[in-house]
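Subject: Handing over a structure

Dear colleague,

I am passing on to you the structure shown below, and after it I set out what was found there, one part at a time. Please keep it open beside this message while you read.

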Amino acid sequence: MISTESVLESGDQPYIPLQLLNNKHLPGKATPTAVLMDTSSPVVTANGVHDIEDRILRITGYYGYNPGYSSHRREDGSESQAETPGSETSEESRSYQTCTNTALKVLGGLLMVLCVSSSWVGTTQVVKLTFQSFSCPFFISWFSSNWNILFFPIYYSGHVVITREKQTPIQKFRECSKLFGEDGMTLKLFVKRTAPFSILWTLTSYLYLLALKKLTATDVSALYCCHKAFVFLLSWIVLKDRFMGVRIVAAIMAITGIVMMAYADGFHGDSFVGVALAVGSASTSALYKVLFKMFLGSASLGEVAHFLSTMGFFNLIFISCVPLILYFTKVEHWGSLSSLPWGYMCGLAGLWLVFNILVHVGVVLTYPILISIGTLLSVPGNAAVDVLKHEVIFSVVRLAATCIICLGFLLLLLPEEWDSVTLRFLANMADKKSEEHGEELTESSVNTQSRSRANGTVSIPLA
């Protein structure tokens, strides 16, 4: 028994359940007395209700009431769940944030498409301008490849600005060198892993520049887009990727475009040689990508920056002897260093570096398909420059070959599940049309019944 004064003085709201008892010890008629019960153990009645408060809540139909969950239990917080009225608002804010992030990613991807296309068009056109005063394609290729050394410093600068990490360049370089193995980069791994990729990189750029000496920028850029078909064929053969009929069709279209491009001026002369050089450049590019995927896997952006910078060092150290050999054998001869068109060469190397940075960064920041579309848009971009500035007249055969190659490139961008997704979309469209047709029939039957009732007739449905 506790007194009411002690309850009131404690500052807590008193909880006083009443229970009527009959005093059998007093003579005469029993009088009801109010007895204060201990609240530590609520009394359970026969119908499963704990106390009078539960009875009142049960009778009045209190919102959210369950038998046995009275106020003294809810105050403990052990058996009650607080409602969150802002849950719907939080879900709406999350969905809004997701839509905003998707829209920003798409807009950034479109901007990236324009930048990739512009940088590749600029690179190709500057090469054509450089050849007017300096016709040494291997030296230009070697000089441009040396600029890959700047890839990791640029990546590290952006990484420090964005993440604010206090890692030194050496620490970050060692962290990204795990691409070569758990022990990092050794001299043996440096030569073993970097040499084949550096050679393929140099061959790709060198053959591309040689093709630009024979063909227009539009033809070379269109033929270079065939590397997508070669990547699929090599991945199917070497990496055992999934077979897709539509991509086989795209590869056949690419080969058809190549043959038509070679046939445009007859299978002789500079045109045929230029087509062969451009196809060789696309082939070495495809081999580089497939080998990178097979040996290095899916590397992070930091590891890719580390790898490209390493290839730049390998190019500077080991391939520098090739331009000297070509110089002394009079294959590529140039005068004094002061007579070289350094402005064009630095602009060419800078645009090429920007293109490579945009391609590798864009794959991480936005959708990879947009980067491929940016490469494809370089074909109409170069065509516009060739027509407006160089006054190039394209034959019907070349235009048809370019269109076929570009169409095959677009087919190669289709996802692997494009057929099932298309069939599911068509099935959903058919279901929606059938539902709309059924609703129209229902509305027309209702209107017919209402008009028949208005005319005093009754329509009897057939069994």
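A good place to begin is K330, which sits in the loop between α14 and α15. Please bear in mind throughout that the model is predicted. The backbone at K330 has a positive phi of about 65 degrees, although this residue is not a glycine. With a relative accessible area of 60%, K330 is exposed, because the cut-off for that class is over 50%.

A second residue of this kind is E391, which is not a glycine either and has a positive phi of about 55 degrees. E391 is placed in the loop between α17 (378-388) and α18 (396-412), and its relative accessibility of 67% makes it count as exposed.

For the overall picture, the protein has 463 residues, of which 37% are buried, and its secondary structure comes to 19 helices and 2 strands. When the contacts with a separation of 6 or more are considered, 74% of them are accounted for by residues 24 or more positions apart. The protein exposes about 27900 Å², and carbon and sulfur atoms supply 65% of that area.

Turning to the interior, helix α9 (residues 217-224) has 8 of its 8 residues buried, so this helix is largely enclosed by the rest of the structure. If you would like to find them, the buried residues of α9 are A217, T218, D219, V220, S221, A222, L223 and Y224. Helix α10 (residues 227-237) also has buried residues, namely H227, A229, F230, F232 and S235. What covers these buried residues of α10 includes α9, together with α11 (245-263), α12 (269-295) and α18.

The aromatic rings deserve a slower look. A pair of aromatic rings is described by the distance of the centres and the angle of the planes. The count comes to 25 aromatic pairs in this model. One of them joins F139 and W334, whose ring centres are 4.7 Å apart and whose planes stand at 40 degrees, so the pair is tilted. This pair links distant parts of the chain, since F139 belongs to helix α5 (residues 137-146) while W334 lies in the loop between α14 (321-328) and α15 (342-365), 195 residues apart. Both F139 and W334 are buried. Ring pairs also link these two with further residues, giving a cluster of F134, F139, W142, Y327, F328 and W334. W334 is thus placed in the loop between α14 and α15, the loop that also holds the exposed K330.

A charged side chain meets a ring elsewhere: K213 lies over the face of F131, at 6.0 Å from the ring centre.

On the surface, finally, there is a nonpolar patch of about 530 Å², made by L104, V106, L107, L110, Y367 and I369. Which helix gives the most to this nonpolar patch? That is helix α4 (residues 87-131), with 4 residues. Another member of the patch, I369, is found in helix α16 (residues 368-376). I369 counts as partly exposed, because its relative accessibility of 39% falls between the 20% limit for buried and the 50% limit for exposed.

With best wishes

Technical notes: Residues are numbered from 1 along each chain as its sequence is written. This is a predicted model: local features need pLDDT of at least 70, side-chain atom pairs count only at pLDDT 80 or more; totals for chains, interfaces and linings use all residues. Side-chain values use heavy atoms; hydrogens and water are left out. Buried means under 20% relative accessible area, exposed over 50%, partly exposed in between (1.4 Å probe, protein chains only). Patches are made of residues with over 30% relative accessible area and no salt bridge: like charges are joined within 9 Å, nonpolar side chains (Val, Leu, Ile, Met, Phe, Trp, Tyr) within 5 Å. Accessible areas come from the Shrake-Rupley method with a 1.4 Å probe; for residues, only the protein chains shown count as cover. A salt bridge is a side-chain nitrogen of Lys or Arg within 4 Å of a carboxyl oxygen of Asp or Glu. Rings of Phe, Tyr and Trp (its six-membered ring) pair if their centres lie within 6.5 Å; planes under 30 degrees apart count as stacked, over 60 as edge-to-face and the rest as tilted. A charge sits over a ring if NZ of Lys or CZ of Arg is within 6 Å of the ring centre and within 35 degrees of the ring normal. Contact means heavy atoms within 4.5 Å.
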